[in-house]
Amino acid sequence: MEKYLFPKSFFKKNPLDQMSAAVIADSFCMLSTIDRLNEEIERIIDDGISEERREKIQQDKQVIEALDSGEAVEAYMRKGHDIVVDYLFLKKALTLIDDAAPLVLKRYQTIAQDRFIELAFRLLANADKRYAKQLFANYARIRDPYAKAVACLLFGEHKMEESIPLLLAEYDHFRRDCPEESHAQFPLLALYILAGKA
């Protein structure tokens, strides 16, 4: 594929916010695959939490261990589980990705639950690119603006150059129609990634 040429001075005129939700999502995506780091974070958190939360974390670990189908993965994502065990969930969910991805992708089009959207992003960013391509093909069916914005970043994570025209259009759309939100930063970060600037 021919290298896409961005509008002249695009990146100079559109600086990236280094503390945006998009940058944080991108960082979490990378950090969630580093077991030793996550185990250390869990250990540090364990020192300062209530017994109630400690028990909840243990319950969540048991639920994760018992996940055995795509349906179970998708259902887990819709419920309130402790974020400290997300890395264990993602690791387990990736072993069931072929069954889980169609259900996650279908739900992604209609859900407006931030937690589900963020877990789906991290899961799909670490899964085979074909799932991101399926989401790209069905992008117009995604109802929630935040889910659309996060999907834009997913396309960047998978280096999908075919998404650049959409990302540019969505960047303009979010800046114009959602100025009070930081949604525009998601397609912008994706564009930075695709241009090799992030």
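Buried here means under 20% relative accessible area, exposed means over 50%, and partly exposed is whatever falls in between (1.4 Å probe, protein chains only).

**View 1. Aromatic pairs across the whole predicted model.** A search of the whole structure turns up 7 aromatic pairs. Rings of Phe, Tyr and Trp (its six-membered ring) pair if their centres lie within 6.5 Å, with planes under 30 degrees apart called stacked, over 60 edge-to-face and the rest tilted. This is a predicted model, where local features need pLDDT of at least 70 and side-chain atom pairs count only at pLDDT 80 or more, while totals for chains, interfaces and linings use all residues. Residues are numbered from 1 along each chain as its sequence is written, and side-chain values use heavy atoms, leaving out hydrogens and water.

**View 2. Phe136 meets Phe155.** The two rings sit edge-to-face, 5.2 Å centre to centre with 80° between the planes. Phe136 belongs to helix 9 (residues 129-137) and Phe155 to helix 10 (residues 145-157), so this pair ties together parts 19 residues apart in sequence. Helices are DSSP runs (H or I, at least four residues), numbered from the N terminus. Phe136 is partly exposed at 24% relative accessible area, whereas Phe155 is buried at 0%.

**View 3. Tyr146 meets Phe186.** Here's another edge-to-face pair, at 5.8 Å centre to centre and 85° between the planes. Tyr146 comes from helix 10 and Phe186 from helix 12 (residues 185-194), so the contact links parts 40 residues apart in sequence. Tyr146 is buried, with 13% relative accessible area, and Phe186 is buried too, at 1%.

**View 4. An aromatic cluster.** Phe10, Phe11, Tyr171 and Tyr192 join up in one cluster.

Technical notes: Helix = DSSP H or I, 4+ residues; strand = E, 2+ residues; numbered from the N terminus.
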